[in-house]
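Please look over the structure below before reading on. The report then goes through it by region.

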Amino acid sequence: MDFAGSGIVHMCGGVGALVGAAVVGAREGRFDPGSPSDAFAPHSLPLIVLGTFILWFGWYGFNCGSTLGLSTKAQGTMAAQVAMNTTIAASAGGLVVLVLRFAMQRKYDIGGMCNGILAGLVSI
């Protein structure tokens, strides 16, 4: 059962992204053989963190809203469990990436942690 319409949502998004990438093409200078691979650094860490938290907040509305109601105790309990699972997945994803990057590079990578949060949210 496609509970929240994820099949059609992801298919439309994927096809739209594919068409957009085909029309726009590769970023100028990004994949040139002479350019260094680390030349594409993030430009604003506060905006990355803000965007991550906005997406995280929206995930609660989608995941908990997918319980289709809060009129009974059972639905409320299920929505609470969904919210808790969402929180744990995102937190675990972010913390795992933060700890692994610190272990490998000996510096905190907040951008990587935000990617880990998003990976945890997608996995839930």
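What follows is a short report on helices, core, buried residues, charges and cysteines.

## Model and first helix

The model is predicted. Helix α1 covers residues 6–24. Its 19 residues, at 1.5 Å a residue, should span 27 Å. The end C-alpha atoms lie 26 Å apart, so the expected and actual spans agree.

Gly-25 comes just after α1. Its phi is positive, at about 85 degrees.

## The nonpolar core

The largest nonpolar core holds six residues. They are Trp-56, Ala-90, Leu-98, Met-113, Ile-117 and Leu-121. Two helices, α3 (73–105) and α4 (110–123), each supply at least two residues of this core. The largest share, three residues, comes from α4.

Leu-121 shows how the core members meet their surroundings. Setting aside neighbours within four places in sequence, Leu-121 is in contact with Trp-56, Trp-59, Thr-86 and Ala-90. Trp-56 and Ala-90 are themselves listed in the core.

## Thr-86 and Asn-63

Thr-86 sits in helix α3. Its relative accessibility is 0%, so Thr-86 counts as buried, the cut-off being under 20%. The Thr-86 side chain reaches the backbone oxygen of Val-82 at 2.8 Å. Residues up to four places away in sequence aside, Thr-86 touches Trp-56, Trp-59, Tyr-60, Asn-63, Leu-121 and Ile-124.

One of those partners, Asn-63, is found in helix α2, residues 45–65. Asn-63 has a relative accessible area of 15%. That value is under 20%, so Asn-63 is buried too. With neighbours within four places left out, Asn-63 is in contact with Val-82, Thr-86 and Ile-124. Val-82 and Ile-124 therefore appear in the surroundings of both residues: Val-82 takes the Thr-86 side-chain contact, Ile-124 touches Thr-86, and Asn-63 is in contact with Val-82 and Ile-124.

## Cys-114

Cys-114 belongs to helix α4. Is Cys-114 buried or exposed? Cys-114 is buried, with a relative accessible area of 2%. Once neighbours within four places in sequence are set aside, its contacts are Ile-48, Val-49 and Thr-52.

Thr-52 and Cys-114 are 62 residues apart along the chain. Their C-alpha atoms are separated by 6.1 Å.

## The α3–α4 loop and the salt bridge

Arg-106 lies in the loop between α3 and α4. Its phi is near 60 degrees. That is a positive value in a residue other than glycine. Arg-106 is exposed, with a relative accessible area of 62%.

How many salt bridges does the structure hold? There is one. Side chains of opposite charge can pair when their charged atoms come close. Here the side chains of Asp-109 and Arg-101 meet, at 2.2 Å from N to O. Arg-101 is partly exposed, with a relative accessible area of 28%.

## Cysteines and disulfides

A disulfide is a covalent bond between the sulfur atoms of two cysteines. A search of the whole structure finds zero disulfides. Cys-12 is partly exposed, with a relative accessible area of 48%. Cys-114, as noted, is buried at 2%.

Notes: Residues are numbered from 1 along each chain as its sequence is written. This is a predicted model: local features need pLDDT of at least 70, side-chain atom pairs count only at pLDDT 80 or more; totals for chains, interfaces and linings use all residues. Side-chain values use heavy atoms; hydrogens and water are left out. A nonpolar core is a set of buried Ala, Val, Leu, Ile, Met, Phe, Trp, Tyr and Cys residues joined through side-chain atoms within 4.5 Å. Buried means under 20% relative accessible area, exposed over 50%, partly exposed in between (1.4 Å probe, protein chains only). Helices (H or I, at least four residues) and strands (E, at least two) are DSSP runs, numbered from the N terminus. Contact means heavy atoms within 4.5 Å. A salt bridge is a side-chain nitrogen of Lys or Arg within 4 Å of a carboxyl oxygen of Asp or Glu. The expected span of a helix is 1.5 Å times one less than its number of residues. A polar contact is a pair of N or O atoms within 3.5 Å; within protein, one must be able to donate a hydrogen and the other to accept it, and residues adjacent in sequence count only if both atoms are side-chain atoms. A disulfide is a pair of cysteine sulfur atoms within 2.5 Å.
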